[in-house]
Amino acid sequence: MGVVLFTCYARKYPEFLKICTFLGKFDHDLQLESPEYWIKENVPIIVISTVTPIILEGSKQYVMSMKEEHEFVVRIIIAYFSVTAALCGKTVMLIHFQQVAFGIAKRFRLVNARIRLLVMNESLRRSVLRRNPPYVDRRQDYTSCKKFKSLLSAYHLLCDAVHQANVFYGYLLLATIVCTFIIITVCLYFFFLFIIHGKAIRSVTISIWIFNNATFLVLIALCGSRVSEMAGDTAPLIRKLINENVGSGLREELKSFLLQLASLNVEFTAGVFFPINKRTLTSIAAAVTTYLVIMIQFETQSK
């Protein structure tokens with residue numbers, strides 16, 4: 001898996017540069033300061049879920065190497081480093097994807113906040129205009145429309161960034177999610193067998209691997225959901241703001257933007273096969289349960 005991930009990253013690196021270009025242009029257009037690139041959220045649990053099975057596997061392989069001859073020791077070392085490379089590769093991809101997803105979600109939230117602020121300021125200005133017409137600059141109607149158009153352009157930049165992220169991560173996520181699904185199903189099956197046969201140590205060992213893979217799926221789904229939720233908050237916000245006391249020009253811009261949002265589908269997907277969000281976790285859990293029940297039935301009937 002490590003080699004596959006590295007190869008895919010190398011081949012699709014230009015697509016990642018496009019993501020950075022879109023986000024950089026977004027920050028420039030909205031005159032943002034240099035963002036905080038390192039997002040520390042979920043990092044402790046990622047580290048724990050990665051380091052624990054590596055240490056556990058290393059200890060097991062060390063004990064096995066003490067009982068084997070030299071030629072088998074070499075095979076054990078190769079197997080250990082292969083497992084470690086695959087695990088670390090998957091973890092690096094998770095952290096990398098989380099940084100991009102959270103960065104995009106943060107910018108969607110910023111656009112929503114600025115749209116709300118712009119419309120509320122315009123509503124307040126028009127309220128003052130009705131009370132004190134001579135003291136208000138009527139040219140602000142044009143300025144408000146211009147600012148809204150810049151926010152609309154920034155929103156579409158984020159949509160383009162999500163599209164490029166799907167091009168870059170799509171099949172990587174598909175491969176890792178499918179592999180993780182298979183690993184969890186098999187591990188749960190053996191966990192059940194170890195419990196039945198009273199092998200407590202092996203049960204604990206395999207439960208750590210289940211925790212590692214389940215953590216990966218949960219965090220991937222949460223990253224995808226955060227972007228979908230932040231982008232999905234825009235349409236209800238626009239519907240609410242249309243009813244505010246704003247000029248006809250800005251109101252038409254809001255209506256036009258709302259129509260555009262109806263045709264936009266901003267979400268991460270696994271190679272266009274299925275979306276990555278919280279509902280995906282439910283589907284995976286149901287599939288794992290179904291296959292696990294079938295495997296356990298075969299096991300009990302064979303006896």
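The exercises below, each with a worked solution, concern salt bridges and a surface patch in a predicted model.

**Exercise 1.** Determine how many salt bridges the model contains, and which residue in helix 5 takes part in one together with Glu 253.

*Solution.* The criterion is a side-chain nitrogen of Lys or Arg within 4 Å of a carboxyl oxygen of Asp or Glu, and by this rule the count comes to two. In one of them the side chains of Glu 253 and Lys 149 meet with an N to O distance of 3.8 Å. Glu 253 belongs to helix 8 (residues 248-262) and Lys 149 to helix 5, so that distant parts of the chain, 104 residues apart, are linked by this pair. As to accessibility, Glu 253 is buried because its relative accessible area is 19%, which falls under the 20% limit, whereas Lys 149, at 46%, is partly exposed.

**Exercise 2.** Work out which helices are tied together by the pair Lys 278 and Glu 229.

*Solution.* The closest N and O atoms of Lys 278 and Glu 229 are 3.4 Å apart, and the two residues form a salt bridge. Since Lys 278 lies in helix 9 (residues 278-302) and Glu 229 in helix 6 (residues 200-232), the pair ties together parts that are 49 residues apart in sequence. Lys 278 is partly exposed, with a relative accessible area of 44%, and Glu 229 also counts as partly exposed, at 39%.

**Exercise 3.** Identify the residues that form a nonpolar patch on the surface, and classify Val 186 as buried, partly exposed or exposed.

*Solution.* The patch consists of Val 178, Ile 182, Val 186 and Phe 190, which together have about 300 Å² of accessible area. Val 186 is placed in helix 5 (residues 140-196), and its relative accessible area of 32% makes this residue partly exposed.

Note on methods: Residues are numbered from 1 along each chain as its sequence is written. This is a predicted model: local features need pLDDT of at least 70, side-chain atom pairs count only at pLDDT 80 or more; totals for chains, interfaces and linings use all residues. Side-chain values use heavy atoms; hydrogens and water are left out. Patches are made of residues with over 30% relative accessible area and no salt bridge: like charges are joined within 9 Å, nonpolar side chains (Val, Leu, Ile, Met, Phe, Trp, Tyr) within 5 Å. Accessible areas come from the Shrake-Rupley method with a 1.4 Å probe; for residues, only the protein chains shown count as cover. Helices (H or I, at least four residues) and strands (E, at least two) are DSSP runs, numbered from the N terminus. Buried means under 20% relative accessible area, exposed over 50%, partly exposed in between (1.4 Å probe, protein chains only).
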